[in-house]
Amino acid sequence: MNFIKSIVENKIFQWFIIGVILVNAGILGLLTMEHTPETLHALEVLDQICLVIFCIEIAMKLIVMRGAFFKDGWNVFDVIVVGIALAPATGELSVLRALRVLRLMRLASAIPSMRRVINGMFAAIPGGGSVAAVLFVMYYVAAIMGTNFFGKTVPAHFGDLGTTFFTLFKMMTLEGWPDIASDVLEHHPRAWIFFVIFIVFTTFTTLNLLFGIIVDAMEQAKEADARQQMAEQGVEVTEQSNEMRLAIIEDDVKHIRALLTNMSAKPAGE
C-alpha cells in the first residue's frame, strides 16, 4: 500500500501520465488521417497501450484512496473519460469512438494550473448566471425595439425577432457592426443612438462585469488550492478574508511600533 502510494504521489509518475496523455492526443489525431493498414494497426496498438496505462493509474489511485477516491470530482471525471474509451465502439455505441478524444481533457485534472482555471469557471456560474440573465433582458428589450424601429426598412438585419437577435449578437461582438449601422443609418439617421447605447451596455459594461466575476472566481479557486496545500503541510489555515487579515496585520504593526516608541523613549539606564 505505501509503495503504491509513493508511486502515485511521485512527481515523476505524474509527469509520466501527462506525457502519456499528450502522446495519446497525438495518436488520436493521426488516426483521423489516411494510413497504410500496417501503420493504422500500429497506431491502434499504441492507443490501447495508453488506455491500459490510464486504467492502471486509476486502479492504483483506487487502491490508495479507496472510498475517498470518488469524493474528488476530478477522479470521477477521469473514470468517466476512460470508461467511455473502454465501451465497445460497435453498433449504436460507435459514436463513443469519436469521444475518445475526451481523454485529452484529463490534462485538466493532471495539471494544477488548468484545474484551477476549470474550478474557477464552475465557481463563476452562479454569478455569471445573474449577469447572463441581465444580458438576456437587455437583448430581448433591444430586439423588440430594433424590430419595431427598423424591421420594415432594413429587413435583412431586423426583419423578425430571430434575425434581430442574431444582428444584435454580431453587434455585441463588434464584428461587422459598422456595416449594419451604415445600412440602418441610410434610412434612420438618428439610429446611432440605439447602437451606441446597446454596445455600451452590453459589450463595455455587462460583458466586462462577467469577465470580472470569472477572474474573481479564479482567484478564489487559487486561494482555496493554496489553503489546501498549506493544510496538507500542517500549516494552520484560517477562514478570514483578505481584508480581515490585512486589518490584523495593520493592528499588529501599530502595536509593534508603539512598543518600539516606548522602548526608545525610556532612559538608557532603565
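These legends walk through several views of a predicted model, from the whole chain to a single side chain.

**Figure 1. The whole protein is built from helices, with twelve of them and zero strands.** Read from the N terminus on, the elements simply go α-α-α-α-α-α-α-α-α-α-α-α. Of the 270 residues in the protein, 26% count as buried. The accessible surface adds up to about 17700 Å², and carbon and sulfur atoms own 68% of that. Take the contacts with a separation of 6 or more: 61% of them are between residues 24 or more positions apart.

**Figure 2. Two of the spans that UniProt labels "transmembrane region" are shown here, residues 12-33 and residues 117-142.** The label comes from an unreviewed UniProt entry, which also puts it on residues 76-96 and 192-215. Residues 12-33 are 86% helix and 0% strand, and the C-alpha atoms at the two ends sit 32 Å apart. For residues 117-142 the numbers are 96% helix and 0% strand, with 33 Å between the end C-alpha atoms.

**Figure 3. A nonpolar patch sits on the surface, made of F136, V137, Y140, V141, I144, M145, F149 and L161.** Put together, these side chains belong to residues with about 710 Å² of accessible area. Helix α7, residues 125-150, supplies the largest share of the patch, with seven residues. L161 is a patch member too, and this residue is found in helix α9, which covers residues 161-172.

**Figure 4. A closer look at L161, a member of the nonpolar patch.** Is L161 buried, partly exposed or exposed? Its relative accessibility is 34%, so L161 counts as partly exposed. Patch members need over 30% relative accessible area, and the 34% of L161 fits that cut-off.

**Figure 5. T203 is a buried residue of the model, and it lies in helix α11.** That helix takes in residues 192-232, and UniProt's unreviewed entry gives residues 192-215 as a "transmembrane region". T203 has a relative accessible area of just 11%, so it counts as buried, the limit being under 20%.

**Figure 6. The surroundings of T203 include M171, M172, L174, F198 and N208.** T203 touches these five residues when those up to four places away in sequence are left out. Which backbone oxygen lies 2.6 Å from a polar atom of the T203 side chain? That oxygen belongs to M172, one of the residues that T203 touches.

How values were computed. Residues numbered from 1 in each chain as written. Predicted model: local features only at pLDDT ≥ 70, side-chain atom pairs only at ≥ 80, totals over all residues. Heavy atoms only, no water. UniProt positions renumbered as here; feature names shortened; annotations may be inferred. Helix = DSSP H or I, 4+ residues; strand = E, 2+ residues; numbered from the N terminus. Patch = residues over 30% accessible without salt bridge, like charges linked within 9 Å, V, L, I, M, F, W, Y side chains within 5 Å. Areas by Shrake-Rupley, 256 points an atom, 1.4 Å probe, with all protein chains shown as cover. Salt bridge = Lys/Arg side-chain N within 4 Å of Asp/Glu carboxyl O. Buried < 20%, exposed > 50% of the residue type's maximum accessible area, 1.4 Å probe, protein only. Polar contact = N/O pair within 3.5 Å; in protein donor to acceptor, adjacent residues only side chain to side chain. Contact = heavy atoms within 4.5 Å.
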